[in-house]
Amino acid sequence: MLLLIPLLPLVGFLLNASFGRRVSKPAAGAIACGAMIASFLVSLVSVFRLIALPADARAIAQQVFTWISSGDLAVAFTLRLDPLSAVMILVVTGIGSLIHIYSTAYMHEERDAEYARYFSYLNLFAAFMLVLVLGSNFLVLFVGWEGVGLCSYLLIGFWYEKKSASDAGKKAFIVNRIGDFGFILGVLLAFVHFGTLDFQEIARSSAALGPEAAFGTMSLITLLLFVGATGKSAQIPLYVWLPDAMEGPTPVSALIHAATMVTAGVYMIGRNAVLFSHAPQTLTIIAVVGVATALLAGTIGLVQNDIKRVLAYSTVSQLGYMFLAMGVGAYAAGIFHLYTHAFFKALLFLGSGAVIHALAGEQDLRRMGGLKKDLPITYWTFLIGALAISGVPLLSGFFSKDEILYRTYASGHTLLWIVGLLTSLLTAIYMFRIVFLAFHGHRAEPFADAQDRHARPPQSGSHEAAHAAHLHDAPPAMAIALVVLAVGSVAAGYVGLPQALGGSNRFEKFLEPSFTAADVRSTPDVPDDGAATEGLELGLMAVSTLVAVGGIGLAFFFFLANPRASDRVASQFPGLHRVLMHKYYVDEIYDAAIVQPIRIVSEDGLWKGLDVRVIDGAVNDVAGTVGGASALLRRLQTGSVRAYAASLFLGVVLILGYYLWR
Amino acid sequence: MQFPILTSLVVLPIAGAACLFLVRDDESHAPLVRNIALVVSALVFADALLLWSRFNAASGDFQFIERHAWIPTFGISYVVGVDGISLLLLVLTGFLTPLALLGSWESIQRKTRAFCIVVLLLESAMMGVFISLDLFLFYVFWDAMLIPMYFLIGIWGYERRVYAAVKFILYTLGGSVLMLLAILSLASLHNAATGSYSFDLQKIYALQIPPSQQGWLFLAFALAFAIKVPIFPFHTWLPDAHVEAPTAGSVILAGVLLKMGTYGFVRFAFPLFPDAAAQFAPYLAVLAVIGIVYGALVAMVQPDMKKLVAYSSVSHLGFVVLGICAMDTQGVQGAVYQMLSHGVSTGGLFLVVGMLVDRRHTRLISEYGGLKKVMPHLVAAFLILTLASIGLPGLNGFVGEFLILLGVFRWSPPLATVAATGVILSATYMLWMFQRVNYGPVTNEKNTGLRDLSPREWAILVPIIAVAVLMGVMPNLFLRPIEPSVNRMLNQIHAVAPVRVQVSHQPPAASHQPPSSN
C-alpha cells in the first residue's frame, strides 16, 4: 500500500518519459496529473488508516526488499508511515497535485515533447520526494534526497538553451553536493557509532544516552547531517543556489523550491529529533544559523526587483524560521510552519506565475503595477498569501510563526526571538512591497517595451500581441490551484490552534509520537501550559501582530503612498543599498575565494604544471634516455605481431632461465 | 570429465579469431567479419553468464578448478579457477566486448578483419588473467594482453596513436618486469620451503613468507598493479592511451584493463604478503586519495572529452584502491563492486563519446553545445551515464562508493573525509562537461543536422543503461557472490597481520570482521 504512493508518480514518469513525445499534450498532462492525484488518494487512505490506530502505535511499515547488504551493513528498502511522514506525504501529494494541474495551463505553449518532458520530471520529483519522506533509514532517505536534487537540477535547467538556466541547475546540484558531503560523513559516523542506519533504532539507542554536555560524537553526527540540511534547505552558507533556481518554470519554483524539496532538511532533523535532542551544542548552532539566514535573506529580499527572486529570498528566510524552531527543540512548531508555509508560499509563487504568464514573461516589479483590475483572482489570492506569510492574525502563517517565536522566547533565547521578530517585520514589508508594486498604483511604463527583454520560451510567439492588448487573468486550471491554496492558506492553521486561543494544538499532539523522547531537552525549557504562560503567549502574539501590521503599514507608506520616500532612503544609504542589491556579494566572494582558485590551480598548477611538465616530463625523459641508448635495438622492431610476441616470450625465458640456474 | 567452462572462456575467442583468418581479408567481407566477431563475443558472454548461473554464491572458495601440468620441471602448471571476485569481472569482460565491437561497427574502416581478431584475442587474454591461479600462467596472460591493446591503439587510433601506444606498452612492461622477478622469487621460496618449485597460487598462499622478504616482493607486485590501475603518480599513460585509442580500445581499457591492477591487489599483492600489505596500505591509501582528488581536479579543466573521462577514471579507481586498503568487508566488497560499476558507466561514457566523435570527428568539448535539441535520445543516455558516474543512488555508482567510504571510514575517518570530496568534484566536472556539450543553443553549424541514435546505437546503450539501473536497484544480486570470497581473502590477511580495524562500541548485529571459520 505505502509503496503505491511513490510508485504511481514513478509510473507516470516512465510513461511520459517513454511515450510522452508521441502523445498529445492533454494526454501527457492527464497521465501526470492522474498519477499525482491517485497518489494523493492513496496517501489519504493511508493516513486515515494511520489515524485509526491508537495514538501511541501510529506507524505503518512496509519492507519492500533488502537493498544493500555487506558484512554487518544491511539496508532494507523499507517505507514507514508515521504522523510526521503523514503530514509530509499529504503536503507533497496534495500541493503537488494542485501544481500539476496548474502546470497543464502554465506550460501549454511548450512543444509536445517538451511538455511531456516537463511532466515526466515533475512526476519523477514527486516519486523521489515521497521516498524521501517515507524512507525508514538514512540510505533510503538519501535515495530520495539525491533524486529530488536531480529533478531540481533538471527542472531548473528545463529551458536548457538559456545559459543562465543550465548554469543555475548545475549550481544547485553542486552546492547541494557540498551539503551531501557533510551528510554522507554524518551517515557514516552514525553507522559506526550506532551500528545501524534505521531511524527508529538510532532514536532508541540515543534515547538511552543522556544529552551530550560537551561537543561529542552525537554532536558531530548531527552537525554533519545539518551541513547536508543547509544545502538542501538553502541555509547559510549554502543558500546561494536557491535564488538562482528561479530560472526554472514558476510551478517548479512553487513545488520544489518552496513547498516541498527545500523543506527536506527541516524534515530530516524532525525525523531524527531524538538524536538531535541529545546534541544541544548542535541545536544551538542550528538555531543561530536558522535565524541568521532568516534575517540575511529578509534584508536581501527587501530590495530585489525580480518578483520571483523576492519570493525565493522569502523562502530562504522562512526556512530559517523552521530551523530556528528545530534549534530550540520546538520540532512540532517547525513542522507546523513547514506545513502552513507550503500552502501560502506555493500560492504566492503560483500567483506570481499567473502575473508572469499574463505579462508574457515579465518578472520585473518596476514594470508592473495596477494589475489588480485585470487580474482579480490572482490579486485576491495573492493578497491572502501575503497576509498569511506576514503573520496577520487568523491566517495560517500567524499560528505557525507565532508558535515558533513563542517557543523561542519561552526557551530563553531572547536575542533569537528579537531577531526573529525583526525578520517578521521584514517579511511583511517585502511581501507588501510586491503587492503594492505589482497590483496597485499604475504601470510604470508601457508594458510593450519590456516584452522582448524578458521574453521566455513559453510565452514567445503570437500570444504576446494578444496579451498586450488585454491582460488575461489565470485560466481555469491555474485559477483552481490558486483558489484552493488560498483557502488552505487561511484554514490550514486551525488544525494547530494553540491553547491560548482556545484550541488544543491538535497538530502538535498528532506529531508528538514522531518526536518521542525528543522533548528530553525542550520540556524543561518550556514552562507548563498554565494560565501564566497563556498570558505570555497572548502577549507575544500581540507583539507579532503589531509587527506584521506595522510592516504592512511601512510598505504602504514607502511603496504606495509615497514612492519617492523609498528612493530617498536608498539614495541616503547608497553603500548599504548597493550591498543589498548585490546580495552581500556572496556569490562574488565564493567565486573569487573558491571557484576561481580551484580552477586556476587545477588547470595551470596540477594539469599543465604537475601532470604534463613534471610527471610526464620525467617519464618522457626516462624514455628518451632509454630510447637514445637503444636506438640500435630499435631496428629489431619490425612491427609484426609474431616478432613482438616471440621477443616477449624470449625475454621471459631468458629471465626465467637465468633465475633458475644461477 | 566436466565441461572445462573456464578454459572455454579463453578458447572461444581464440577459436573465433581463428575462424576470422579463414575469411578473405578485404573490406568487402568486412560485414561478415564483424558479424562473426559479434556472434563469437556474444557466445562468450553467454558462456560467462552460464558460469555465473552455475556458480555457488555461498562459497568463498575457488570453483571450477582445472589443473593440468604444463612445465613440470619448473612447477609451472595450468591452474584456473574462479571465485566471487573474479566471477563478475569475467562477466563484465564478456558483457563489454560485444558492445565495444558494436561501438566500432562503423568507425573502423581499415583492416577490419585484423581489428576483430585483435579484439577477440584481447578478450581471451583478459579472461585468462582473471581465471589464472598459477602465477606464471597469470604473468603470461598479463603480458599477452598488452600486445593486442598495443595494436589496437597503434593501428586504429587517432593522430598521436604511435606515441600513445609505445608509452602504454613501455609503462606497463616497465612495471611488470619487477613483478616477474617477484614471481620467480616466490617459486624459489616455495622450493626453499618444500623442495620443489611451484607457481601454484594456492600453494604459495600457504607459504609463510618471512616478513623481512615481504616488503620488496609486495612493492614489486604493487608497482606493476599501480601502473595498471593507474595510481597517482603512475597515471600519465592513461590519458594519452584513452585519447588516442579507438572507441573499442577505450571501452575495454577503461572497462576491463584498469581493473587488472586492482584485481591484482586483491588477488595477489594483499593476500600473498599480509605483513607488507598492512605496512604499506596506509601509504597506498594516501596515494589513492591523492588520485581521487587530483584526478577529479585535472578532469575538471580538460578541453577534451575523452581526456576528461580518462582522468575521471583515475579518480574512480582511486576509490577502488582505497577500499582495498581498508581491508574490511565493506571496503573490499565495495572496491570489487566499484570495479564492475566503473566498467559499466565509464565504458558506457566512452561509447557515447565515441558516438559523438563518429559524427563530428572531434573530441573537443568546445566544438559541441546544444546537442540536446538535436539528439534528445543520445543526450538522455548520456545524462543517465553521467549520473551513474557521479554516484547517484539508484544507479550503479553509488553502491560501491558508499561501501568503500564506509569501509574506509571505519579504518581512517580522515582519509574517508578527503575521499568524500570526490562526491562534490565528480558532480562538478561531469555536469560542467554535460552542460557545455548538451545544453545551450546550437552554436556550431556542424552540429545542426546530426542524427539521433541509430538502431545499432540503441542496441549498445540499452543494455548498458539496463545494467546500470539493475546494479543500482538490486546490488545484492552482485554483492552476494562477492562477499564470501572477500571474507576468505580478508581472513587470509588478518590471520597473519594484526587486525587493526576497530569495532564500533555499539554492539552491532553481526561483527563486520570476517567470520573466523574457513
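A residue counts as buried when its relative accessible area is under 20%. By that yardstick, 61% of the 662 residues of chain A are buried. Please keep in mind that this is a predicted model. Chain A holds 29 helices and two strands, and the notes below walk through its core, two helix pairs and two buried residues.

**Chain A overall**

- Among the contacts in chain A with a separation of 6 or more, 81% link residues that are 24 or more positions apart.

**The nonpolar core**

- The largest nonpolar core has 415 residues, and those with the most contacts inside it come from both chain A and chain B: A:Ile335, A:Met431, B:Leu6, B:Leu186, B:Phe221, B:Phe265 and B:Phe270.
- Helix H15 of chain A (residues 331-358) supplies the largest share of this core, with 18 residues.
- Another core, of 18 residues, lies apart from it, and its members include A:Val328, A:Ala330, A:Ala410 and A:Leu416.
- If you would like to zoom in on A:Met431, its contacts beyond four places in sequence are A:Leu311, A:Ser314, A:Leu348, A:Phe382, A:Ala386, A:Ile389 and A:Ser390.

**Helix H14 against helix H19**

- Helix H14 (residues 307-327) and helix H19 (residues 414-439), both of chain A, have axes 11 Å apart and pack at an angle of about 160 degrees.
- Angles over 145 degrees count as roughly antiparallel, so H14(A) is roughly antiparallel to H19(A).
- The crossing of H14(A) past H19(A) is left-handed.
- On the H14(A) side, the contact is made by A:Ile307, A:Val310, A:Leu311, A:Ser314, A:Ser317, A:Gln318, A:Tyr321 and A:Leu324.
- On the H19(A) side, the contact is made by A:Leu416, A:Gly420, A:Thr423, A:Ser424, A:Thr427, A:Tyr430, A:Met431, A:Arg433 and A:Ile434.
- Sorted by character, the residues of this contact between H14(A) and H19(A) are nine nonpolar, seven polar and one charged.

**Helix H14 against helix H18**

- H14(A) also meets helix H18 of chain A (residues 396-410), where the axes come within 9 Å and cross at roughly 45 degrees.
- That angle makes H14(A) oblique to H18(A).
- Here too, H14(A) passes H18(A) in a left-handed crossing.
- From H14(A), A:Gln318, A:Tyr321, A:Leu324 and A:Ala325 take part, and they meet A:Lys401, A:Ile404, A:Leu405 and A:Thr408 of H18(A).
- The residues of this contact between H14(A) and H18(A) comprise five nonpolar, two polar and one charged.

**A:Ala76, a strand residue**

- A:Ala76 sits in strand S2 of chain A (residues 73-81).
- With a relative accessibility of 18%, A:Ala76 counts as buried.
- Beyond four places in sequence, A:Ala76 is in contact with A:Gln63, A:Phe65, A:Thr66, A:Trp67, A:Asn137 and A:Val140.
- Between A:Ala76 and A:Leu197 there are 9.6 Å in space, C-alpha to C-alpha, and the two are 121 residues apart in sequence.

**A:Gln235, a loop residue**

- A:Gln235 belongs to the loop of chain A between helix H8 (217-232) and helix H9 (241-244).
- Its relative accessibility is 0%, so A:Gln235 counts as buried.
- Setting aside neighbours within four places in sequence, A:Gln235 is in contact with A:Thr230, A:Val289, A:Gly290, A:Thr293, A:Val316, A:Leu319, A:Gly320 and A:Phe323.

Definitions and conventions
Residues are numbered from 1 along each chain as its sequence is written. Chains are lettered from A and ligands numbered from 1 in the order in which they are written. This is a predicted model: local features need pLDDT of at least 70, side-chain atom pairs count only at pLDDT 80 or more; totals for chains, interfaces and linings use all residues. Side-chain values use heavy atoms; hydrogens and water are left out. A nonpolar core is a set of buried Ala, Val, Leu, Ile, Met, Phe, Trp, Tyr and Cys residues joined through side-chain atoms within 4.5 Å. Buried means under 20% relative accessible area, exposed over 50%, partly exposed in between (1.4 Å probe, protein chains only). Helices (H or I, at least four residues) and strands (E, at least two) are DSSP runs, numbered from the N terminus. Contact means heavy atoms within 4.5 Å. Axes are lines fitted to C-alpha atoms, for helices over the stretch in contact, and angles run from 0 to 180 degrees between N-to-C directions. Angles under 35 degrees count as roughly parallel, over 145 as roughly antiparallel, 65 to 115 as roughly perpendicular and the rest as oblique. A crossing is left-handed if the near helix is turned anticlockwise from the far one by less than a right angle, and right-handed if clockwise. Ala, Val, Leu, Ile, Met, Phe, Trp, Tyr, Cys and Pro count as nonpolar, Asp, Glu, Lys and Arg as charged, and the others, Gly among them, as polar.
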